[in-house]
Each structure stands twice: as C-alpha cells, then as structure tokens.
Amino acid sequence: MTKPIKVTLYRWGGSWGPFSVKIPCGECTLTKDILKDTFEKELGDVPIELEVKDWLSHWWEPLKVGAWHAPILMVEGKLVSQGEALNRGVLVQSVIKEWTKRDTLQGNIVYGKATCPYCVKAKEMLAEAGIEYNYHDVVVESAALYRMIPEVKAIIGEKTPVTVPQIWMDGKYIGGADNLEQWLASKTNA
C-alpha cells in the first residue's frame, strides 16, 4: 500500500499563553467542508491523511514556510493556500502532483474528452480489439487532467503541448490514437 498524501489544515482556533479561541472562523469551517467533499468526489482513488490543527496552538509550524493567516492548507509540508476559503482546483492539483511521485499508472488507460474525434477513434479501436480499459474525460474529471499532464510531460518534454487522447496499455505509455493503431497492429502481427 502506498503511503497516503498528508494534508494539514491549520484553522483559526486553539490557545497560546493567555489567548484562547474556541470557535473556528467561517472560512476555516468552509475549507474543511471543501476538503471533505473534494476528497470524496475528485480524489476518491487517492489515499489521503487529513490532519486538522488549531493555528494558535501550532502557529510556528506553518510560519516556517511563510504561512501565518488561517485557514492554512499544506500538502506534504508545502503551502497550498492561506487566508481564504480553499480553491478546489489548487487542492486537486497539489495532491495529484504529490501522488504521481508515488503511484505508477497501471493497466489500460485512455485520457480523452467527449468532443475529440481521435479519442472516439481510440475507444472504437479498443472496443473492436476486445480490450478493456479505463476511460477518463479530462474536461469533466479535474483529477484526471492533473494526473495526465505530468505523466505525459515527463515522457514528451515540458515544452511539448499535451493533446488527447493519451493512452497507456499494460501500464506502458503508447501515445495518441495513431500510436495505438500501430500498437494494435503489432499485437495482431506478432
């Protein structure tokens, strides 16, 4: 089992010396609700360990990375957000960035989008070949988009634009629809 991604939320609350805050701020509560919902809906396949700390009781921990205004959100010790309700996209991108360092793509995967004719072609070729695969629409699933981009950029280079479809077969990067067609032909000729 891969080690979970550690997410830490510092909320306005806690005590330090004579100061004590018992009720967390509204943005801190909203951020915690956004975290829970995002973990369930967009990051359901990623193991995450959420730690909630009262900022006033632990103010020096986030201050080490320049964060001082609750709510403060950190992913694997890196500052993601502070001082406002959390942006879901920033959270998903930060978690997936860490997750790609720990998890390798396995099986048959197609990243695409509904309006892409090459994506449709790739799915048709796989169906005709009787190959099962997992399909992820990168327009609908932000976690899939944030997962696909660094995986592809690591192979094709940082400056090369990423298009869809992006295909993996048996955990091995294939490329686009034309590459899939060649890969399928080599399997039938072998």
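This is a guided tour of a predicted model, with a suggestion at each stop of what to select and what is found there.

Residues are numbered from 1 along each chain as its sequence is written. Because the model is predicted, local features need pLDDT of at least 70 and side-chain atom pairs count only at pLDDT 80 or more, while totals for chains, interfaces and linings use all residues, and side-chain values use heavy atoms, with hydrogens and water left out.

**The sheet E4-E1-E5-E6**

Begin by selecting strands E4, E1, E5 and E6, which in that order form an open sheet of four strands with mixed pairing; helices (H or I, at least four residues) and strands (E, at least two) are DSSP runs numbered from the N terminus, and two strands pair if DSSP finds at least two bridges between them. At the edges stand E4 (48-54) and E6, each of which pairs on one side only. From one strand to the next the twist averages 20°, where axes are lines fitted to C-alpha atoms (for helices over the stretch in contact) and angles run from 0 to 180 degrees between N-to-C directions. Now isolate E1 and E5, which run antiparallel and are joined by four bridges; within this pair, Val 7 stands opposite Val 75 in E5.

**The nonpolar core**

Keep Val 7 selected and add Leu 35, Leu 43, Leu 73, Leu 91 and Val 95, since these are the residues with the most contacts inside the largest nonpolar core, which has 18 residues. A nonpolar core is a set of buried Ala, Val, Leu, Ile, Met, Phe, Trp, Tyr and Cys residues joined through side-chain atoms within 4.5 Å, and buried means under 20% relative accessible area, exposed over 50%, and partly exposed in between (1.4 Å probe, protein chains only). Strand E1 (5-11), helix H1 (26-41), E5 and helix H3 (88-99) each supply at least two residues of this core, and H3 gives the most, with five.

**The sheet E8-E7-E9-E10**

Next select E8, E7, E9 and E10, again four strands that form an open sheet in that order with mixed pairing. Strand E8 (134-137) and strand E10 (172-175) each have a single partner strand, so one side of each is left without a neighbour in the sheet. The twist here averages 20° from one strand to the next. Strand E7 (residues 109-112) pairs with E8 in the parallel sense over four bridges, and Gly 112 has Asp 137 in E8 as its bridge partner.

**Backbone exceptions**

Most residues other than glycine have a negative phi, and most peptide bonds are trans. Select Ala 70 and Pro 71 to find a cis peptide bond with omega about 0°; Pro 71 is in the loop between H2 and strand E5 (72-75). Then move to the bond from Val 164 to Pro 165, which is cis with omega near 5°, Pro 165 being in the loop between helix H5 (142-156) and strand E9 (166-169).

Two residues that are not glycine have a positive phi: Glu 76, at about 50°, and Asp 170, at about 55°. Glu 76 lies in the loop between E5 and strand E6 (78-82) and is partly exposed, with a relative accessible area of 24%, whereas Asp 170 lies in the loop between E9 and E10 and counts as exposed at 59%.
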